[in-house]
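This briefing covers pockets, one loop residue and salt bridges. Please read it beside the sequence and the structure shown here.

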Amino acid sequence: MQQEPVAGAADRRGWWHRKFAPQVRTVGRVERAVLLRAAVVLAIAGTVVFGTVLVGVLTHTGFQRLDRPVDEWFDTQRDADRTNVMVVLATVFGPIGMPIVVLVVTVAWAFLAHHAWRPLVLACGMVLGVMTAQALAPLVRHPRPPVAEMLLGPDHSFSFPSGHVLGASDFFLIGAFLIASRTHRRWITVGVFALAALMIASQVISRLYLGYHWLTDTLSSVGLSMMITALTIAVDTHLTARVPELAQDPGPTTATGDLVR
């Protein structure tokens with residue numbers, strides 16, 4: 001009589017562990033090495049992009065010299081139809097829309113999947129991006145373009161880096177990795193990363209078009225997102241990708257090729 005609640009509690013603890021523990025998967029030695037090398041290369045590339053842009057902003061050299069010509073060119077491209085499209089992009093990936101998108105995607109993914117590891121990783125990557133942007137803005141103190149150019153009302157906060165671009169980049173790059181790394185289908189890998197590149201580019205264009213960011217703000221966000229994605233790849237690979245002959249505890253291994261699992 002007294003053991004039933006204990007068994008029920010143990011079952012609940014077991015369910016939580018199965019649901020939220022790292023989703024261990026079996027991979028080949030070469031695949032694991034490729035993933036870790038990709039993380040290193042992506043981290044280096046992101047650091048170079050971000051560092052180069054940051055130095056340019058602080059010293060008013062390099063890419064920073066392109067800020068005003070690019071801004072002036074986008075000002076000449078404005079019309080009603082383009083503005084409507086850019087407003088939609090800004091709203092979806094803005095400080096209100098983006099959290100809603102992330103919440104819906106992660107909750108639905110976690111509910112439908114056997115394991116909640118990947119949506120949890122996605123959510124953590126998004127939070128890290130937000131924290132990074134909030135920490136950098138008051139340190140770099142990069143002013144935005146003139147208020148008169150802003151199409152959705154004035155914004156007097158600092159512009160470096162672009163939170164919209166960083167959020168979109170993190171969401172699509174990390175999401176693309178979490179899908180592609182489990183499917184092992186070339187067309188899916190190409191498709192999800194092509195979609196990620198398209199959505200990031202559209203958000204960059206939106207922020208420049210609407211007059212809220214300089215080119216350097218958006219490029220720095222892409223570089224930061226590359227570093228955050230690299231960290232995600234490294235952590236996920238270290239915790240979940242097990243080579244059979246090296247695995248001490250195989251755990252609840254999962255089959256690849258399933259977008260939900």
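The points below are grouped by topic and refer to a predicted model. The largest pocket has a volume of about 810 Å³, and the second largest has a volume of about 420 Å³. The count of salt bridges comes to four, and three of these pairs, Asp75–Arg78, Arg144–Asp155 and Asp236–Arg182, are described here.

**Largest pocket**

- The lining of the largest pocket, which has a volume of about 810 Å³, is made up of 35 residues.
- Nearest the centre of this pocket lie Gly94, Pro95, Gln134, Gly163 and His164.
- Four helices each supply at least two lining residues: H4 (80–92), H5 (97–112), H6 (117–140) and H7 (163–183).
- Helix H6 gives the most to this lining, with nine residues.
- By class, the lining of the largest pocket holds 20 nonpolar, eleven polar and four charged residues.

**Second largest pocket**

- The second largest pocket, at about 420 Å³, is lined by 16 residues.
- Leu35, Ala180, Ser181, Thr189 and Phe193 are the lining residues nearest the centre of the second largest pocket.
- Helices H2 (29–59), H7, H8 (186–209) and H9 (215–240) each provide at least two residues of this lining.
- Helix H2 provides the largest share, five residues.
- The lining of the second largest pocket divides into nine nonpolar, four polar and three charged residues.
- Helix H7 supplies at least two residues to the lining of the largest pocket and at least two to that of the second largest pocket.

**Valine 24**

- Valine 24 sits in the loop between helix H1 (3–20) and strand S1 (25–26).
- Valine 24 counts as buried because its relative accessibility is 6%, which is under the 20% cut-off.
- In sequence, valine 24 and alanine 241 are 217 residues apart, yet their C-alpha atoms are 6.1 Å apart in space.

**Salt bridge between aspartate 75 and arginine 78**

- Aspartate 75 and arginine 78 form a salt bridge in which the closest N and O atoms are 3.4 Å apart.
- Aspartate 75 is partly exposed, at a relative accessible area of 25%.
- Arginine 78 also counts as partly exposed, at 25% relative accessibility.

**Salt bridge between arginine 144 and aspartate 155**

- The side chains of arginine 144 and aspartate 155 meet in a salt bridge with an N to O distance of 3.4 Å.
- Both residues lie in the loop between H6 and H7, so this pair ties together parts that are eleven residues apart in sequence.
- Arginine 144 is buried, with a relative accessible area of 15%, whereas aspartate 155 is partly exposed, with 25%.

**Salt bridge between aspartate 236 and arginine 182**

- Aspartate 236 and arginine 182 meet through their side chains in a salt bridge, at 2.8 Å from N to O.
- This pair links distant parts of the chain, with aspartate 236 in helix H9 and arginine 182 in helix H7, 54 residues apart.
- Are these two partners, aspartate 236 and arginine 182, buried or exposed?
- Aspartate 236 is buried because its relative accessibility is 0%, and arginine 182, at 3%, is buried as well.

Conventions
Residues are numbered from 1 along each chain as its sequence is written. This is a predicted model: local features need pLDDT of at least 70, side-chain atom pairs count only at pLDDT 80 or more; totals for chains, interfaces and linings use all residues. Side-chain values use heavy atoms; hydrogens and water are left out. On a 1 Å grid over the protein atoms alone, a cavity is a set of points where a 1.4 Å probe fits but cannot get out, and a pocket is an open set with protein on both sides within 12 Å along at least five of seven lines; lining residues have an atom within 4 Å of a point. Grid points are joined across faces, edges and corners, and a volume is the space filled by probe spheres set on the points. Ala, Val, Leu, Ile, Met, Phe, Trp, Tyr, Cys and Pro count as nonpolar, Asp, Glu, Lys and Arg as charged, and the others, Gly among them, as polar. Buried means under 20% relative accessible area, exposed over 50%, partly exposed in between (1.4 Å probe, protein chains only).
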